[in-house]
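User: Could you take me through this one and back up each label with its cut-off?

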Amino acid sequence: MDKQEILTGLRDIISLYTEEQDALDHISEQTDFIADLKINSANLVDIVLDIEEKFNINIDNESMAKMLNVKATVEVIEDKLAENAGK
Amino acid sequence: MLGNDVVDLKLARRRNNWRRANYLSKIFTPDEQRLVYHSDCPDLMVWLIWSMKEAAYKIVNRNTGLRFFDPKGFHCTVQIHDLKATGCVDYRGEQFMTHSEINEHYVHTLSFKTGSGIEQCHVVQRRNADDYVLSFNLKHKGLMLQKNNSGLPEIFIRKTQSRHLASVSHHGRFLFIAYLHTTEEVVS
């Protein structure tokens, strides 16, 4: 799975929890879930759970702590996919 | 140092399904999950504990300048007396005292680091709106809600010409602005 596929999958998930259509349309690695997409912090958990289901990975607390923007989240997904591939 | 957090219960009911599989175990410790499942009002208990964690996180964020999402790292204990709750949040050995107000519309929590407490705190509740800074400043002539050089909220008291740490929380219909009026917290 390449970065673009991950980003597309992530955008589909995020779209369920934001009303900031403009920020979603212009999503980039720099997009911040709270500052730009105005996602409620209690919905960050939903995003983490949705990512786990969609990409079939487990996200530990340490990784979850970083997941406040697109860049960090894509990196976590890439790392966890690589861990799965190595098993 | 202080932090605050409000949860609009109506909005939370609509937007946040905490009964979703694995949701609570991602954000609450086993002890906190037990508090929820043994409570007569599990919905209220979820948002009470959540607001305690958020209010304490705001102090840690402000003290360290770090942003992170680690709700499970904040360990809460709480006692509820009618519509008030007092508690303690421990984050990596650092402790924060909390005072929460609970009613049918919202849960609001104030958190304090040692040295400051609820007796030194002013709380202003307003209707949540995009122009809350303007409407607050129009309504409270002696005060000015503004941002300091680091972009963090503070209250400027015109009479004493002093600047005081503030914490702003808004969710759904509600907005709360809390600030300390102790001299030790005056920002020079």
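Analyst: Sure, starting with a term: buried area is the accessible area (1.4 Å probe) that two parts lose on being put together, summed over both. By that reckoning, chain A and chain B bury about 1,700 Å² between them, with 51% of it on carbon and sulfur atoms. Keep in mind that this is a predicted model, where local features need pLDDT of at least 70, side-chain atom pairs count only at pLDDT 80 or more, and totals for chains, interfaces and linings use all residues. Residues are numbered from 1 along each chain as its sequence is written, chains are lettered from A and ligands numbered from 1 in the order in which they are written, and side-chain values use heavy atoms, leaving out hydrogens and water.

User: What makes a residue part of the contact, and how many does each chain give?

Analyst: Contact means heavy atoms within 4.5 Å. On that test chain A gives 21 residues and chain B gives 18 residues. Of the area chain A buries against chain B, 28% comes from Val45(A), Leu49(A) and Met64(A), more than from any other three residues.

User: Why are H1(A) and H3(A) called oblique?

Analyst: Helices here are DSSP runs (H or I, at least four residues), numbered from the N terminus. Axes are lines fitted to C-alpha atoms, for helices over the stretch in contact, and angles run from 0 to 180 degrees between N-to-C directions. Under 35 degrees is roughly parallel, over 145 roughly antiparallel, 65 to 115 roughly perpendicular, and the rest oblique. The axes of H1(A) (residues 3–14) and H3(A) (residues 41–55) cross at roughly 135°, so the pair is oblique.

User: Which classes of residue make up that H1(A)–H3(A) contact?

Analyst: Ala, Val, Leu, Ile, Met, Phe, Trp, Tyr, Cys and Pro count as nonpolar, Asp, Glu, Lys and Arg as charged, and the others, Gly among them, as polar. The residues include Ile6(A), Gly9(A) and Asp12(A) of H1(A), and Ile47(A) and Lys54(A) of H3(A). The tally is seven nonpolar, one polar and three charged residues.

User: How do you know that the length of H4(B) agrees with its residue count?

Analyst: The expected span is 1.5 Å times one less than the number of residues. For the 23 residues of H4(B) (residues 42–64) that should give 33 Å, and the end C-alpha atoms are 33 Å apart, so it agrees. Just after H4(B), Gly65(B) takes a positive phi of about 75°.

User: And what does H4(B) pack against?

Analyst: H3(B) (residues 30–37), at about 145° with the axes 8 Å apart. Glu32(B), Leu35(B) and Val36(B) in H3(B) meet residues of H4(B) including Met45(B) and Ile49(B).

Definitions and conventions. Helix = DSSP H or I, 4+ residues; strand = E, 2+ residues; numbered from the N terminus.
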